[in-house]
Amino acid sequence: MAKQKKDPSSKHNPKVEKTYARISGITFELLAINLGFIMGGYYLNEKAAPAFPWILLLGVFLSVAATIFYLIKKFGS
């Protein structure tokens, strides 16, 4: 009888699992940063009640800036 070759993708690879854990951790950190700034802007906008939602827009732009800063800090050399 011929031996069956084992599928290399079925092997347990701890490097891949470590990479997935790192990426999911970064994802949750970015989610917290974005939700914090956007929901903070929304809350302040509701309290101030301006005619144009400029505080919410400020929160969105700060969220983008904080995300870019975080990613540069995390992955920059």
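# A tour from the charged patch to the helix pair

Begin on the surface of this predicted model by selecting K18, R22, K73 and K74, which gather there in a patch of positive charge. Colour the chain by secondary structure next, and the elements that give two or more residues to this positive patch turn out to be α1 (14-48) and α2 (54-75). Within the selection, pick out K73, which is found in helix α2 and is exposed, with a relative accessible area of 64%.

Now zoom out to take in the whole chain. The secondary structure of the protein comes to 2 helices and 0 strands, and of its 77 residues, 13% are buried. If you draw the accessible surface, you are looking at about 6,900 Å², of which carbon and sulfur atoms supply 69%. For a contact map, take the contacts with a separation of 6 or more: residues 24 or more positions apart account for 55% of them.

Select L30 next, a residue found in helix α1. With a relative accessibility of 16%, L30 counts as buried, because the cut-off for that label is under 20%. Which residues does L30 touch, once those up to four places away in sequence are set aside? Displaying its contacts on that basis brings up T67, Y70 and L71. To follow one of these pairs on the backbone, place a distance label between the C-alpha atoms of L30 and Y70, which are separated by 8.2 Å although the two residues stand 40 residues apart along the chain.

Move along helix α1 to N45, which lies in that helix. Is N45 buried or exposed? Its relative accessible area is 10%, so N45 is buried. Leaving out residues up to four places away in sequence, select the partners that N45 touches, namely P50, F52, P53, W54, I55 and L56.

Finish at A49, whose place is in the loop between α1 and α2. Here the backbone torsion deserves a look, as A49 has a positive phi of about 55° although it is not a glycine. Most residues other than glycine have a negative phi. In contrast to the buried N45, A49 is exposed, with a relative accessible area of 57%.

To close the tour, show K73, L30, N45 and A49 together: K73 and A49 are the exposed stops, whereas L30 and N45 are the buried ones.

Terms used
Residues numbered from 1 in each chain as written. Predicted model: local features only at pLDDT ≥ 70, side-chain atom pairs only at ≥ 80, totals over all residues. Heavy atoms only, no water. Helix = DSSP H or I, 4+ residues; strand = E, 2+ residues; numbered from the N terminus. Buried < 20%, exposed > 50% of the residue type's maximum accessible area, 1.4 Å probe, protein only. Contact = heavy atoms within 4.5 Å. Areas by Shrake-Rupley, 256 points an atom, 1.4 Å probe, with all protein chains shown as cover. Patch = residues over 30% accessible without salt bridge, like charges linked within 9 Å, V, L, I, M, F, W, Y side chains within 5 Å. Salt bridge = Lys/Arg side-chain N within 4 Å of Asp/Glu carboxyl O. Lys, Arg positive; Asp, Glu negative; His and termini not counted. Charge placed at Lys NZ, Arg CZ, Asp CG, Glu CD.
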